[in-house]
Every structure is written in C-alpha cells, then in structure tokens.
Amino acid sequence: MTTLLVAILLGIVEGVTEFLPVSSTGHLILASELMGYDSARWAMFNVVIQLGSILAVVVLYWRTFWAVLEGLLKLNPVSLRFVRNLLIAFIPAAVIGLALHKHIEALLGAPKVVAWALIVGGVAILVIERLVKSATIHGIAEIPVVRVIGIGFVQCLAMVPGVSRSGATIMGALSLGVERRTAAEFSFFLAIPTMLGATALELLKNREMLATSGVGWGEIGVGFVVAFVVALAVIKWFVGIVSKHGFTPFALYRIVAGTAALIWLSMR
C-alpha cells in the first residue's frame with residue numbers, strides 16, 4: 001500500500017471519528033492493525049492531521065468565534081465566560097497530559113486496550129443516556145465553573161486510547177446538567193486548544209522523525225485536507241443526529257466495533 005493511499009485512508013478515519021464519541025485515536029490504532037502498515041512511522045502524522053478536523057470546527061462556527069472575539073474587545077460578560085470556560089476545561093488535560101505523556105505513548109501500541117475501551121465506553125454512554133433525563137444548562141457561557149472543572153477532568157479519561165475525547169467530554173457535560181447540543185458544541189470548541197497543544201508537543205518531541213520516517217509534509221498535507229473535508233460533513237450530520245436521537249446509536253456502534261475487534265485480535 002502506497003504512503004499516499006495510507007494518508008488518504010487515515011485522513012478519512014480521522015475526519016469521520018474525531019468529533020463522534022467513538023475515539024479517533026482508537027480507530028487509527030485499529031486501522032494500523034487492519035491495514036498492516038507501520039504505526040510508528042505514522043504516529044506524528046496521526047496527531048498533526050487532527051488540525052484538519054479542528055479547522056473544520058473553526059470554519060463551521062466562524063460566526064460564533066467572531067461574535068466572541070467582538071465581545072472580548074467590548075469586555076462582554078458572556079464572551080468572557082465563554083473563553084474562561086474553554087480555558088479552565090483545557091487545563092487538566094494540559095497538566096496531566098504533560099505529566100503522563102510517556103505512559104500514554106505506551107498505551108498507543110495496545111489495540112486490545114482500544115477494543116475494551118470501546119466496549120466499556122459504549123456501555124457507559126447507554127447508562128448515562130438512560131439516567132440523565134433533564135438538562136438545566138443551555139449555552140457554553142452558562143456552565144458554572146465547578147462543572148467546567150469536572151468536564152475538564154473527565155476529558156482526561158480520553159488519554160486511554162479508545163475512550164474518546166469527544167465522548168468523555170460530552171457524557172461528562174450531560175452528567176453535569178448540560179443539554180445535548182451545548183454539550184456537543186462545547187466538546188467541539190474544547191478540541192481546539194487540546195489538539196493544538198497535543199500537536200505542538202508531538203512536533204517538538206519528534207520533529208526529526210519527518211526526515212527519517214518516510215512520511216513527510218506531502219502525506220501530512222493530503223491527510224490534513226482529507227480530514228478537514230470529511231469533518232465538515234460529519235460535524236453537521238452529528239449535531240442533527242444527536243438532537244433527534246441522542247447518543248445511543250454511537251454507543252451501540254462502539255460495543256459492536258469493540259467486540260468485533262477483540263474477536264479479530266484474538267484470532268490473529
């Protein structure tokens with residue numbers, strides 16, 4: 001399989017799964033097992049192309065970001081609370097991610113961990129969907145600081161591959177009284193500082209790999225564009241599905257995919 005084809009396929013996987021509660025990192029790990037390519041060569045590629053998905057959020061929600069920027073210049077309280085909540089929720093992942101970076105990297109080579117995390121996460125989503133019946137918080141700026149901190153720590157669970165960053169933050173927000181659409185959008189926006197930080201750290205630690213891995217800026221550019229285009233379509237679709245049907249379809253997918261992965265891995 002050529003490096004260009006791998007870049008395109010991984011871009012599709014990233015674009016589809018980054019904002020769904022199914023774990024993009026977990027799917028990329030399983031993809032490496034399924035397609036048989038050297039995952040170590042593509043480790044930095046997988047992190048950097050996440051910026052393509054992040055750019056999709058910026059494009060789709062540019063009016064929101066522009067309104068927040070204008071509000072910040074005018075010291076608008078709603079805009080200030082919006083930015084405050086994103087920064088506070090980001091801090092736990094930044095601190096814990098830096099402290100446990102080596103341990104997290106070790107888990108990235110464990111596809112069975114991904115499979116089990118998919119199953120457990122799917123069951124957790126079903127339980128939370130059944131238990132959480134009412135939501136009192138509408139709007140990112142309206143989430144109290146204490147609950148924002150809680151969401152930030154819940155996001156750290158996604159450091160285990162297969163848990164899903166978006167799934168953890170959305171379910172954490174739902175459990176803390178945030179309504180579905182706001183929970184999903186908060187997860188989208190929180191991905192921006194989180195993924196920017198992860199990408200910067202990866203580039204800093206592994207910048208020499210670009211020259212030796214055989215996966216260069218050309219493949220990264222292709223993966224970036226593919227992830228961006230696919231994520232544009234997926235985000236719109238996801239918000240519509242969640243508003244009408246909740247998160248149960250994604251929970252069932254996680255359980256089926258995780259079980260199938262476990263069976264396949266045990267038969268190899």
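User: Let's start with helix α8 and helix α14. What angle do they pack at, and how far apart are their axes?
Analyst: This is a predicted model. In it, α8 (residues 111-131) and α14 (residues 248-267) pack at about 155 degrees, and their axes are 8 Å apart.

User: Parallel or antiparallel, and why?
Analyst: Roughly antiparallel, because the angle is about 155 degrees and anything over 145 counts as that.

User: Is the crossing left-handed or right-handed?
Analyst: The crossing of α8 and α14 is left-handed.

User: And what kinds of residues make up that contact?
Analyst: The contact of α8 with α14 splits into 15 nonpolar, five polar and three charged residues.

User: OK, switching to α9 and α10. How do their axes cross?
Analyst: Helix α9 (residues 145-155) and helix α10 (residues 165-175) have axes that come within 8 Å and cross at roughly 150 degrees. That makes α9 roughly antiparallel to α10.

User: Which hand does that crossing have?
Analyst: Right-handed, for α9 passing α10.

User: Which residues touch there?
Analyst: From α9, I151, V154 and Q155 take part; from α10, R165, A168, T169, G172 and A173 do. By type, the contact of α9 with α10 has four nonpolar residues, three polar and one charged.

User: What sits in the loop between α9 and α10?
Analyst: S164 is one residue found there. S164 has a positive phi of about 90 degrees, though S164 is not a glycine.

User: Buried or exposed?
Analyst: S164 is buried, at a relative accessible area of 3%.

User: Where else does a non-glycine have a positive phi?
Analyst: L75 is one such residue, with a phi of about 55 degrees. L75 lies in the loop between α5 (62-73) and α6 (77-99).

User: Is L75 buried or exposed, and why?
Analyst: L75 counts as exposed, because its relative accessibility is 62% and the cut-off for exposed is over 50%.

User: Now S23. Where is S23 found?
Analyst: S23 is in the loop between α1 (3-17) and α2 (24-35). S23 is buried, with a relative accessible area of 3%.

User: What does its side chain reach?
Analyst: The S23 side chain reaches the backbone nitrogen of G26 at 2.9 Å.

User: And which residues is S23 in contact with, leaving aside neighbours within four places in sequence?
Analyst: S23 is in contact with T17, L118, P161, G162, V163, S164 and R254. So S164, the buried loop residue from before, turns up among the contacts of S23.

Notes:
Residues are numbered from 1 along each chain as its sequence is written. This is a predicted model: local features need pLDDT of at least 70, side-chain atom pairs count only at pLDDT 80 or more; totals for chains, interfaces and linings use all residues. Side-chain values use heavy atoms; hydrogens and water are left out. Axes are lines fitted to C-alpha atoms, for helices over the stretch in contact, and angles run from 0 to 180 degrees between N-to-C directions. Helices (H or I, at least four residues) and strands (E, at least two) are DSSP runs, numbered from the N terminus. Angles under 35 degrees count as roughly parallel, over 145 as roughly antiparallel, 65 to 115 as roughly perpendicular and the rest as oblique. A crossing is left-handed if the near helix is turned anticlockwise from the far one by less than a right angle, and right-handed if clockwise. Contact means heavy atoms within 4.5 Å. Ala, Val, Leu, Ile, Met, Phe, Trp, Tyr, Cys and Pro count as nonpolar, Asp, Glu, Lys and Arg as charged, and the others, Gly among them, as polar. Buried means under 20% relative accessible area, exposed over 50%, partly exposed in between (1.4 Å probe, protein chains only). A polar contact is a pair of N or O atoms within 3.5 Å; within protein, one must be able to donate a hydrogen and the other to accept it, and residues adjacent in sequence count only if both atoms are side-chain atoms.
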